[in-house]
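Please follow the pairing of strands, the enclosed spaces and the cysteines through the structure shown here, taking them in that order.

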Amino acid sequence: MQDFGAAFAEAFALIAGLDAELMAIIGLSLRVTFSAVLIACAIGLPLGALLAVGRFPGRAALVVLVSALMGLPPVVVGLAVYLLLSSAGPLGVLQLLYTPTAMIIAQAILVTPIVAALTRQVIEDLHGEYDELLRSLGTSRLGTVATLLWDARYSLLTAALAGLGRALAEVGAVMIVGGNINHVTRVMTTAIALETSKGELALALGLGIILVCLSILINAGLMGLRRTAERMAYA
Amino acid sequence: MPEVLAIDFGDEKASPPAILLDDVVLERGGKAVIDRLSLPLGPKGVTAFMGPNGAGKSLTLRLIAGLIAPTAGRIRFAEGVPLPQQIALVFQKPVLLRRSVRANLDHALKTFGTPRRERPARLADLLALGQLEPLAERPARVLSGGEQQRVAMVRALAANPKYLLLDEPTASLDPQATAAIETLVARAVAAGVRVILVTHDRGQAGRLADDICFLHKGRLLEAAPAARFFQAPKTAEAKAYLAGDLLL
């Protein structure tokens with residue numbers, strides 16, 4: 001118990017002192033996470049909207065598949081990306097394994113189905129409301145998707161938030177494709193796993209506290225933005 | 001089963017129809033909800049569809065708008081299939097985008113392909129038409145029901161449509177808001193827009209409509225000039241409807 005208390009005290013000292021190693025790990029974590037979520041949104045938002053609006057053979061199967069992929073095991077994604085990017089893999093020539101880019105790819109693969117599935121649900125509901133209006137105006141399919149995405153923008157923050165949560169907390173995939181290399185690919189979650197295994201509880205705890213605080217701050221910020229928008233009655 | 005009376009809009013409707021519903025059938029769950037509806041609609045004026053709930057009035061409007069396809073029969077327009085901007089539909093409950101009034105109107109203009117340089121002037125005209133200038137920057141969905149319906153009406157008129165289809169546009173509005181909508185309808189008619197209106201409001205039908213089409217259980221039972229329909233309805237169903245009786 002005394003060790004635990006000491007670890008906490010040391011963790012707070014590291015945070016308060018803006019420890020350089022700690023800051024580097026946080027910086028890389030945020031870069032990887034936000035890049036992955038950005039890519040996932042760029043793919044998942046239009047994909048989800050198309051699934052909501054489109055009527056084509058195999059749509060139902062695709063909807064089920066995207067929903068099922070929300071539960072993709074990170075280690076399996078990590079392994080698949082590892083095999084793709086390893087020297088013997090089809091993309092080995094790109095030399096991306098054990099780089100932040102490989103971690104972004106793995107996280108984007110994990111987050112895209114979450115964004116797409118949640119987007120589909122939000123857009124499908126809104127489409128039910130707008131469908132007759134947009135058809136009566138003669139809106140094209142692309143115009144319909146654009147209108148729905150724009151008008152659902154604040155609701156879609158929830159989809160982005162869910163993706164962000166998954167990416168920020170993810171450890172298995174980034175460990176496999178990033179290798180947890182100090183000053184290169186070490187992020188908060190992999191560092192916590194490593195430091196804990198080494199018995200270095202202070203750094204692990206410091207990172208853990210920051211991870212939780214960041215998650216709360218980002219969620220609170222985005223939810224606040226959404227509420228403001230709702231108060232303005234755009235939602 | 002009541003008899004379907006001959007369509008008699010009077011001599012002024014002798015001109016070739018602008019819209020012809022030709023033996024139109026719409027089935028839902030194996031049941032005809034629109035049953036062999038044949039009706040010529042002339043090129044001018046206001047036609048009101050009346051009848052009890054479930055008569056098929058709104059479905060007929062949606063069939064004319066092309067939002068649903070008939071199970072059998074055809075709907076023909078004199079000039080061929082109209083462009084979406086030539087046929088405007090206003091719903092009972094206005095559907096407005098989650099944007100400002102101005103952005104709602106601008107969205108319609110963009111969708112209709114109005115050139116960017118022409119849009120500001122057109123927007124100003126539309127806002128003036130609906131007396132919406134003070135509300136232009138307000139989110140459309142926080143406006144009162146009457147104001148929202150005015151936005152929907154003005155949006156429907158944005159592309160100078162040839163046909164304006166109104167599905168109970170004042171069903172839940174107060175008299176003042178109703179008057180504002182009826183003024184817009186009258187202005188559209190004066191500008192040559194062909195209006196087809198669904199209404200339960202006998203007074204409104206009397207104020208606006210030239211002709212009445214009375215539907216019951218998906219069938220057209222009467223089609224006559226408004227004055228004659230109200231003075232001397234020919235079917236027992238229409239008489240009962242106008243007397244305020246429940247039609248079962």
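In this predicted model, B:Leu21 has B:Ile75 of β4(B) as its bridge partner, and this pair offers a convenient way into the sheet of chain B. Strand β1 of chain B, which covers residues 19-28, pairs with β4(B) in the antiparallel sense, and the pairing runs over five bridges. Strands of a sheet are held to one another through backbone hydrogen bonds, in either a parallel or an antiparallel arrangement. Taken as a whole, the sheet is open and has three strands in the order β2-β1-β4 (chain B), with antiparallel pairing. Its edge strands are β2 (31-41) and β4 (72-77) of chain B, each of which pairs on one side only. From one strand to the next, the twist averages 20°.

From the sheet we turn to the enclosed spaces. Empty space left among the atoms is revealed by rolling over them a probe the size of a water molecule. The structure holds three cavities of 30 Å³ or more, and the largest cavity has a volume of about 120 Å³. Which residues lie closest to the centre of the largest cavity? Of the 17 that line it, the closest are A:Ser136, A:Leu137, B:Ala88, B:Leu89 and B:Ala156, and the elements that give two or more residues to this lining are α5 (100-136) of chain A together with β5 (87-90) and α4 (145-156) of chain B. By residue class, the lining of the largest cavity divides into 13 nonpolar residues, three polar and one charged.

The second largest cavity has a volume of about 70 Å³, and the residues that line it include A:Ser29, A:Val32, A:Thr33, A:Gln107, A:Glu170 and A:Leu211. Two or more residues of this lining come from each of α2 (20-53), α7 (156-169) and α9 (188-198) of chain A, with α2(A) giving the largest share, three residues. The lining of the second largest cavity divides into seven nonpolar residues, four polar and one charged.

The cysteines remain to be considered. A disulfide is a covalent bond that joins the sulfur atoms of two cysteines, and a search of the whole structure finds zero disulfides over all chains. Is A:Cys41 buried or exposed? A:Cys41 counts as buried because its relative accessibility is 15%, under the cut-off of 20%. A:Cys213, by contrast, has a relative accessibility of 40% and therefore counts as partly exposed.

Note on methods: Residues numbered from 1 in each chain as written. Chains lettered and ligands numbered in written order. Predicted model: local features only at pLDDT ≥ 70, side-chain atom pairs only at ≥ 80, totals over all residues. Heavy atoms only, no water. Pairing = 2+ DSSP bridges. Helix = DSSP H or I, 4+ residues; strand = E, 2+ residues; numbered from the N terminus. Axes fitted to C-alpha atoms, helices over the stretch in contact; angles between N-to-C directions. 1 Å grid on protein atoms, 1.4 Å probe; cavity = no way out; pocket = protein on both sides within 12 Å on 5 of 7 lines; lining within 4 Å. Points joined across faces, edges and corners; volume = space filled by probe spheres on them. Nonpolar A, V, L, I, M, F, W, Y, C, P; charged D, E, K, R; others polar. Disulfide = S-S within 2.5 Å. Buried < 20%, exposed > 50% of the residue type's maximum accessible area, 1.4 Å probe, protein only.
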